[in-house]
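Visitor: I would like to learn how to read the features of a model like this one. Please take them in turn.

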Amino acid sequence: MHPCKGSGKDHSRRDDWLSGAAIEPMKLAGNEAVADLIDRCFAHSGFNGRRLAEGAQLFARMIDDNATIALTVAGAMTPIGMGGAINSLIERGFVDFIIATGANLYHDLHLAYNFPMVQGSPDVDDNALADDGVARIYDVFIGEKDTLMATDDVVLELLAGFDLSQPFSTAQLHHHLGKGVLQKSPRPSASLVATAAKYDVPVYTSSPGDSSIGMNLIVPHLFDKPVMLNPILDVIETAAIVRDADKNGVVEIGGGSPKNFYLQTQPTLHQILMDPSKGGHDYFLQLTTDAPHWGGLSGATPGEARSWGKVKDAFVNNVVVYSCASITFPLIAQYALSRCKPRAPRRLFTRIDAITESLRQAAGSTRKPATTAGTC
């Protein structure tokens, strides 16, 4: 006989295990609104339906807690129109800064200029597409000349007036592009780059050379003056934003470089600069289809991130929804728009210089500058 069998302690533990809410058949009637469906149906179910509800409620908590909220964007989100949902969150004050792949920002520009990006099919002869000058992103078709090359011309036009010869961050670059889109495009409200500039939301790219925006920068670099894009400024500015916040939270669409670029702000502070102000991010929500055991989840689970000091707790205020973000992100965004009161925009872009200087001064007392040994 097992030594614990029949003991009061074992019975008490069994009661604890079975103390959760009972599973009941979903009642869809009366829950036609997205937020009600999430709170009253998904939240009382299981698997990733329940994770979706937990993620939506977590996003609402970080908004209501007045956290400084980052949105990281990997994958091909703007080519399927997801920028519209992001714009709505920016306008309500629910996104304070963004870290995205350059491709998402480049494809975002097509929409502001009405360059065609249309529904297609994944079941197609790609040789025929290439011969006819059409590029494919799964089931989205994009014309080479009338969209891609036309957008290249727009990028180079928008760069006019921006001093590329002085060191600049990607946030400065994208803010300039966004201001140009606001002034010159026929449909600026369709662009998240333009909306972010309008609300002074800094937009960073963790791999600035890995997109058509970075590719276009080679033109002035080759034929005018060297382009002084400095990714180290991005590292400094994002760390400064996190240090300046009372609470920090993030919504991660996919993983990739943007995910880790945001999470690394905490080790930058406590490991590199020895800053005592932070002990990990307060809120973490990721929407992903990847799995940690392949080693490619970009910072992996919140528990693993906790071991690096990237999140505050391995279990509390952390949710990973394992499902396609093309489904889950619009639902979670709509939930927040329905349940949360608007917040005043933080307009962090206007404060970058001040909070960066605050970081530099604090680091001066905790981290001595590196010195190089003299030579004989």
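Guide: Start with pairing: two strands pair if DSSP finds at least two bridges between them. Helices (H or I, at least four residues) and strands (E, at least two) are DSSP runs, numbered from the N terminus. This is a predicted model, in which local features need pLDDT of at least 70 and side-chain atom pairs count only at pLDDT 80 or more, while totals for chains, interfaces and linings use all residues. Residues are numbered from 1 along each chain as its sequence is written, and side-chain values use heavy atoms, with hydrogens and water left out.

Visitor: In what order do the six strands of the open sheet run?
Guide: Strands of a sheet pair through backbone hydrogen bonds, either parallel or antiparallel. Here the order is 6-2-1-7-8-9, with parallel pairing. Strand 6 (203–204) and strand 9 (318–322) are at the edges with a single partner strand each, so each has one side without a neighbour in the sheet.

Visitor: Which residues are bridge partners between the strands?
Guide: Strand 1 (residues 68–73) and strand 7 pair over six bridges, and I69 has G249 of strand 7 as its partner. Strand 7 and strand 8 (residues 283–288) pair over five bridges; there E252 is matched with Q286. Four bridges join strand 1 and strand 2, where the partner of A70 is F97. Strand 2 (residues 97–100) and strand 6 pair over two bridges, with I99 opposite Y204.

Visitor: Are the two faces of strand 7 buried or exposed?
Guide: In a regular strand the side chains alternate between the two faces of the sheet. Buried means under 20% relative accessible area, exposed over 50%, and partly exposed in between (1.4 Å probe, protein chains only). In strand 7, N248, V250 and E252 on one side and G249, V251 and I253 on the other are all buried. Six of the six residues of strand 7 (residues 248–253) are buried, so this strand is largely enclosed by the rest of the structure. In strand 2, F97 and I99 point one way and I98 and A100 the other, and all are buried.

Visitor: How many salt bridges does the structure hold?
Guide: A salt bridge is a side-chain nitrogen of Lys or Arg within 4 Å of a carboxyl oxygen of Asp or Glu. The structure holds 14. One of them joins D96 and R343, with the closest N and O atoms 3.0 Å apart. D96 lies in the loop between helix 4 (83–91) and strand 2, and R343 in the loop between helix 16 (325–339) and helix 17, so the pair ties together parts that are 247 residues apart in sequence. D96 is buried at 3% relative accessible area, and R343 is buried at 11%.

Visitor: What is the case for a pair within one helix?
Guide: R51 forms a salt bridge with E54, the closest N and O atoms being 2.7 Å apart. These two residues are three apart in helix 3 (residues 47–64), which means a separation of about one helical turn. R51, at 25% relative accessible area, is partly exposed, as is E54 at 27%. In helix 17, E357 and R360 also meet in a salt bridge (2.7 Å, N to O). E357 is partly exposed at 30%, whereas R360 is exposed at 53%.

Visitor: Which residues are linked in a network of salt bridges?
Guide: D36, D39, R40 and R339 are linked in this way.
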